[in-house]
Amino acid sequence: GSEARALVRRNFAHYGRSLVEFVRLKKFVASGAALRVPFVEEQHIHDAVAAGRGYIILTAHLGNFELLGAVITARGHTFVTLARGADAPALERVLREVRASVGMRMIDKDEAGRNVLAALRRNEGVAILIDVNAGHKGIFVSLFGRPASTYATVAELAKRTGCAVLP
């Protein structure tokens, strides 16, 4: 109904703002603005690094997760992001260039195994977007009262390595 259409409009407006913010990330970080963004949970990263087993930043396609990465790297924290490449090669090139320009490093999900473990062994962070459809390879959880498939990767990594998981 009309409520759903309004929600869809707000969602597209949000993604439009996020896109503008994304293409301006390099300037945002270079100007020092990223250091002025409040980062309430930063102490959890310090605690995880002090424990020496790396950490996983668990997030979703909510808010501006690209801005989160820029803020974290601007504050000197080292992490890699697990990502699926964009279907359009030109878009993938832009995404990688902008992310690299602010110090974000990417690991392609198809090459994740050893690379993620290596990052955790180096006491770095690994950012993982959890709201990805894992299909038949995943575990099913309830999402808004409906079954949704997601990967068990984060729990498996935490159990195997003892790393911290930071929401």
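## Exercises on a predicted model

Of the 167 residues in the protein, 35% are buried (buried means under 20% relative accessible area, exposed over 50%, partly exposed in between, with a 1.4 Å probe and protein chains only). The model is predicted: local features need pLDDT of at least 70, side-chain atom pairs count only at pLDDT 80 or more, and totals for chains, interfaces and linings use all residues. Residues are numbered from 1 along each chain as its sequence is written, and side-chain values use heavy atoms, with hydrogens and water left out.

**Exercise 1.** Find how many helices and strands the protein has, and give their pattern along the sequence.

*Solution.* Start with the counts. The protein has 7 helices and 7 strands. Both are DSSP runs numbered from the N terminus: helices are H or I with at least four residues, strands are E with at least two. Now read along the sequence. The pattern is α-α-α-β-α-β-α-β-α-β-β-β-α-β.

**Exercise 2.** Test the radius of gyration of the protein against that of a compact globule.

*Solution.* Take the rule: 2.2 Å times the number of residues to the power 0.38, with the radius taken over C-alpha atoms. For 167 residues, a compact globule would have a radius near 15 Å. The protein has 17 Å, which agrees. Add the box: along the principal axes, the C-alpha atoms fill roughly 50 × 45 × 35 Å.

**Exercise 3.** Decide whether the faces of strand β4 are covered or open.

*Solution.* Locate the strand: β4 spans residues 125-129. Count the burial: 5 of its 5 residues are buried. Recall the general rule. In a regular strand the side chains alternate between the two faces of the sheet. Sort the residues by side. G125, A127 and L129 are on one side, V126 and I128 on the other. Both faces of β4 are covered.

**Exercise 4.** Work out how strands β1 and β2 each pair with β4.

*Solution.* Two strands pair if DSSP finds at least two bridges between them. Strand β1, residues 55-59, pairs with β4 in the parallel sense over 5 bridges. One partnership joins T59 to L129 in β4. Strand β2, residues 79-83, also runs parallel to β4, joined by 3 bridges. Here T81 has A127 in β4 as its bridge partner.

**Exercise 5.** Describe the surroundings of T81.

*Solution.* Place T81 in strand β2. Check its cover: T81 has a relative accessible area of 13%, so T81 is buried. List its contacts (heavy atoms within 4.5 Å). Leaving aside neighbours within four places in sequence, T81 touches R105, M106, I107 and A127. A127 is also its bridge partner.
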